[in-house]
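Subject: Structure handover

Hello,

Here is the structure for you to take over. Please open it before reading on, and keep it beside these notes.

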Amino acid sequence: MPSFTVFKGHQSGNPVKSTTTKPDNLTEDYILLRVTASGLCGTDLHWRHTNMVLGHEGVGIVEAVGPHARHLKKGDRVGWGYEVDSCGHCVECLQGYEVFCSERQMYSEKNLDQGSFASHAIWRESWLHKIPDALSDVAAAPLQCGGGTVFQALQGIKPTDTVGILGIGGLGHLAIQFAAKMGCRVVVLSGSERKREEAFKLGAHEFIVTKDAKELTVSSRLHRLLVTAAMPPDWNLLVPILAPRAAIYPLTVNLGNFSIPYLALISQGIQIVGSQVPARALHKQMLEFAAMHHIEPITETFPMTEEKITEAMDKLDRGEVYYRAVLVPQ
């Protein structure tokens with residue numbers, strides 16, 4: 001039975017090298033691939049103390065295909081994200097909202113023995129996405145979750161809309177690029193002046209510092225606000241700059257309560273849109289859009305070893321990663 005290298009979370013918080021054994025022959029539409037790059041997502045920090053293989057922003061090369069595979073072949077370059085399977089038959093699945101399927105499988109729930117922190121992985125063909133030639137492995141990896149998350153939050157946007165991006169980090173710097181290339185006016189809200197110049201280079205049209213502000217002023221009220229900052233914002237400061245019927249997308253994981261002035265939701269028709277796991281149907285569109293418009297994450301690369309994975313995770317935990325960390329197998 002074949003085995004391959006994986007890196008699991010550990011009670012110490014420092015990932016450890018291990019192995020996963022798989023059947024000799026692939027069945028159904030399963031695909032064996034060799035991992036060539038893996039993004040490090042903030043969600044991975046939540047699992048670093050758990051005995052499971054880490055990573056869900058994977059890119060790799062197909063090495064073998066199961067008998068029912070129809071679209072992929074050996075040598076194809078593919079990627080995958082947080083969700084890796086669903087029932088395929090419920091209403092949510094049939095309508096393209098498989099992220100709400102009660103039987104969906106996230107990499108962290110029913111696949112504890114594999115992830116993208118690994119030398120290889122085996123996934124179903126229908127959950128893998130071809131990578132456009134214009135995107136390198138390192139650039140494509142963070143798009144599998146981070147890119148898909150912000151791309152989904154921008155669906156249905158109009159070029160005449162104003163989009164607010166709260167926070168310029170791993171998600172925020174991608175959101176700026178996507179929104180700008182969609183033709184929107186992009187307003188960046190940040191806690192300090194530190195990233196002003198970089199925000200404009202990424203495509204922002206306005207930059208507003210929120211720290212110590214008593215009131216915010218924008219040239220155009222926000223039709224959509226993507227919250228990519230790690231900490232919950234002061235909603236009393238932000239609500240006045242939202243347009244009527246604006247939509248708020250909380251995109252970072254926070255275990256606390258979501259608290260916002262109740263009257264604003266009623267009087268202004270403001271919506272809170274919840275799902276942050278990107279739908280499978282959007283992955284292909286997102287990757288093609290990114291390739292066409294030269295949208296790429298700003299990355300730091302680390303060798304995929306115990307020592308360097310720990311270093312990258314510690315750096316991310318301190319908020320010191322220069323936008324996105326990517327692990328490269330040795």
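Below are the findings, grouped by region. Please keep in mind that this is a predicted model.

**The cores**

Start with the largest nonpolar core, which has 42 residues. Inside it, the residues with the most contacts are V150, V163, I176, F178, V188 and L226. Several elements give two or more residues to this core: α4 (146-153), β10 (162-166), α5, β11 (185-190), α6 (196-202), β14 (242-250) and α9 (280-292). Of these, α9 gives the most, with 6 residues.

There is also a second, separate core. This one has 20 residues, including L216, I241, I248 and I260.

**Two residues of the largest core**

I176 sits in helix α5, which covers residues 172-181. Its relative accessibility is 0%, so I176 counts as buried. What does I176 touch, leaving aside its neighbours within four places in sequence? The contacts are I165, I168, V186, V188, A199, L202, G203 and A204. Take A199 from that list. I176 and A199 are 23 residues apart in sequence, yet their C-alpha atoms are 7.6 Å apart in space.

L226 is another of the residues with the most contacts inside this core. Again leaving aside neighbours within four places in sequence, L226 is in contact with V150, A153, L154, V163, G164, I165, L166, A175, Y249 and L251.

**Helix α10**

Next, look at α10, residues 306-317. This helix has 12 residues. From first C-alpha to last, α10 reaches 16 Å, close to the 16 Å expected at 1.5 Å a residue.

Which residues of α10 are buried? They are I309, T310, A312 and M313. Seen down the axis of α10, these buried residues fall within an arc of 165°, so they line one face of the helix. They pack against β1 (3-8), β3 (30-40), α1 (42-46), β16 (299-303) and β17 (324-328).

After α10 comes G319. The phi of G319 is positive, near 75°.

**Cysteines**

How many disulfides are there? The count comes to 0. One pair of cysteines deserves a look, C41 and C145. The cysteine sulfur closest to that of C41 is in C145, at 4.2 Å, which is too far for a bond. Seen from the other side, C41 holds the closest cysteine sulfur to that of C145. A disulfide needs the two sulfur atoms within 2.5 Å, so this pair is not counted as one. C41 is buried, at 9% relative accessibility. C145 is buried too, with a relative accessible area of 9%.

**Two positive phi values outside glycine**

D212 is not a glycine, but its phi is positive, about 65°. D212 lies in the loop between β12 (206-209) and β13 (222-227). Is D212 buried or exposed? D212 counts as exposed, because its relative accessibility is 67%.

R245 is not a glycine either, and its phi is also positive, about 65°. R245 is found in strand β14. With a relative accessible area of 67%, R245 is exposed. Strand β14 is also one of the elements that give two or more residues to the largest core.

**Where to begin**

I would begin with I176 in α5, then go on to the buried residues of α10. After that, turn to C41 and C145.

Best wishes

Terms used:
Residues are numbered from 1 along each chain as its sequence is written. This is a predicted model: local features need pLDDT of at least 70, side-chain atom pairs count only at pLDDT 80 or more; totals for chains, interfaces and linings use all residues. Side-chain values use heavy atoms; hydrogens and water are left out. Helices (H or I, at least four residues) and strands (E, at least two) are DSSP runs, numbered from the N terminus. The expected span of a helix is 1.5 Å times one less than its number of residues. Buried means under 20% relative accessible area, exposed over 50%, partly exposed in between (1.4 Å probe, protein chains only). The arc is that of the directions from the helix axis to the C-beta atoms. Contact means heavy atoms within 4.5 Å. A nonpolar core is a set of buried Ala, Val, Leu, Ile, Met, Phe, Trp, Tyr and Cys residues joined through side-chain atoms within 4.5 Å.
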